[in-house]
Amino acid sequence: MSFFANHMLVALPGLQDQNFSRTVALICQHDGDGAMGVVVNRPSEFTFGDLVDQMGIALRDDTLRDQRVLAGGPVHPERGFVLHDGEGGWDSSLKIAEGLHVTTSRDVLEAMAAGDGPQRAAVALGCAGWGRGQLELELTQHSWLTVPADPSVIFDTPLDARWQAAAGRIGVDMMHVAGHSGRA
């Protein structure tokens with residue numbers, strides 16, 4: 001069985017689920033019991049400043065105030081997930097690949113707010129989850145492309161360009177895939 005941690009799922013145009021239409025999800029964990037990922041191209045209504053204000057964390061690094069928080073998926077939308085580079089040393093981190101981690105503990109947000117966080121980070125509220133065999137079934141139904149994870153897509157590419165950029169990692173132009181409705 002193939003597992004897809006350290007891969008991005010790129011929603012194909014035929015995927016009609018409003019939670020995942022035209023999304024890119026970084027798969028953080030995948031094993032025989034299911035998969036967990038974070039959508040990396042859908043903005044939430046919140047900024048980093050809004051988030052730390054709600055948590056009572058002092059924001060000393062004002063460059064992050066207006067950074068958009070992602071809508072990471074429909075599961076646990078009240079829970080924060082920080083995708084980041086570097087090693088860190090945060091309380092609750094999962095290594096996805098060399099230099100790519102997901103952390104769910106408050107200490108990484110406190111460090112970011114103080115200007116001591118990871119060099120590159122994306123904050124998301126919520127995640128995506130698939131039960132045992134569910135992701136594999138969706139792959140056989142041609143709902144997703146699987147693409148090796150690329151930190152530059154996650155951290156450096158503008159949100160509205162990530163869907164096409166992720167697919168482009170394997171030479172696919174989403175504007176030419178059957179079922180595309182012409183929206184860019």
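## Cores, a helix pair and selected loop residues

Leu26 touches, beyond the residues up to four places away in sequence, His7, Met8, Met36, Gly37, Val38, Val40, Leu83, Ile96, Leu100, Ala149 and Ile154. This contact list, like everything that follows, is read from a predicted model. Leu26 belongs to the largest nonpolar core, which has 43 residues, and together with Met8, Leu83, Trp130 and Trp144 it is one of those that touch the most other members. Apart from this core lies another one of 17 residues, among them Val52, Trp90, Leu109 and Ala121.

**Strand residues Gly37 and Val10**

Gly37, one of the residues touched by Leu26, lies in strand E3, which covers residues 34-39. With a relative accessible area of 0%, Gly37 is buried, and when residues up to four places away in sequence are not counted, it touches Leu26, Ile27, Cys28, Gly72, Cys127, Ala128 and Trp130. Two of these partners, Leu26 and Trp130, are also named among the residues of the largest core that touch the most other members.

Val10 is placed in strand E1 and counts as buried at 0% relative accessibility. Its contacts, again without residues up to four places away in sequence, are Thr23, Ser143, Trp144, Leu145, Val147, Trp163, Ala166, Ala167 and Met174.

**The pair of helices H1 and H2**

Helix H1 (residues 48-55) packs with helix H2 (residues 106-113) at an angle of about 120 degrees, and the axes of the two helices are 11 Å apart. Because angles of 65 to 115 degrees count as roughly perpendicular and those over 145 as roughly antiparallel, this angle makes H1 oblique to H2. The crossing in which H1 passes H2 is left-handed.

On the H1 side the meeting residues are Phe48, Leu51, Val52 and Met55, and on the H2 side they are Arg106, Leu109, Met112 and Ala113. Sorted by class, the contact of H1 with H2 has 7 nonpolar residues, 1 charged residue and no polar ones. Val52 from H1 and Leu109 from H2 are both among the members of the core of 17 residues.

H2 is mostly covered, with 6 of its 8 residues buried; these are Asp107, Val108, Leu109, Ala111, Met112 and Ala113. The buried residues of H2 pack not just against H1 but also against strand E6 (75-84), strand E8 (100-103) and strand E9 (121-131). Just after H2, Gly115 takes a positive phi of about 85 degrees.

Ile57, in the loop between H1 and strand E5 (68-71), also has contacts with residues of H2. Leaving aside neighbours within four places in sequence, Ile57 is in contact with Val52, Arg106, Leu109, Glu110 and Ala113. Because its relative accessibility is 8%, Ile57 counts as buried.

**Loop residues with a positive phi, and Ser143**

Two residues other than glycine have a positive phi: Arg22, with a value of about 60 degrees, and His142, with a value near 60 degrees. Arg22 is placed in the loop between strand E1 (7-11) and strand E2 (24-31), whereas His142 is placed in the loop between H3 and E10. His142 counts as exposed, because its relative accessibility is 62%.

Ser143 lies in the loop between helix H3 (134-140) and strand E10 (144-148), and with a relative accessible area of 10% it is buried. When neighbours within four places in sequence are left aside, Ser143 is in contact with Val10, Ala11, Leu12, Leu15 and Glu138. The contact between Ser143 and Val10 thus links this loop residue to a residue placed in strand E1.

**Separation along the chain and in space**

The table sets the separation in sequence beside the C-alpha to C-alpha distance for three pairs of residues, each of which includes a residue described above.

| Pair | Separation in sequence | C-alpha to C-alpha distance |
|---|---|---|
| Ile57 and Ala111 | 54 residues | 9.8 Å |
| Val10 and Val69 | 59 residues | 20 Å |
| Gly37 and Ala122 | 85 residues | 13 Å |

In the first row, Ala111 is one of the buried residues of H2, and Ile57, in the loop between H1 and E5, is itself buried at 8% relative accessibility.

Technical notes. Residues are numbered from 1 along each chain as its sequence is written. This is a predicted model: local features need pLDDT of at least 70, side-chain atom pairs count only at pLDDT 80 or more; totals for chains, interfaces and linings use all residues. Side-chain values use heavy atoms; hydrogens and water are left out. Axes are lines fitted to C-alpha atoms, for helices over the stretch in contact, and angles run from 0 to 180 degrees between N-to-C directions. Helices (H or I, at least four residues) and strands (E, at least two) are DSSP runs, numbered from the N terminus. Angles under 35 degrees count as roughly parallel, over 145 as roughly antiparallel, 65 to 115 as roughly perpendicular and the rest as oblique. A crossing is left-handed if the near helix is turned anticlockwise from the far one by less than a right angle, and right-handed if clockwise. Contact means heavy atoms within 4.5 Å. Ala, Val, Leu, Ile, Met, Phe, Trp, Tyr, Cys and Pro count as nonpolar, Asp, Glu, Lys and Arg as charged, and the others, Gly among them, as polar. A nonpolar core is a set of buried Ala, Val, Leu, Ile, Met, Phe, Trp, Tyr and Cys residues joined through side-chain atoms within 4.5 Å. Buried means under 20% relative accessible area, exposed over 50%, partly exposed in between (1.4 Å probe, protein chains only).
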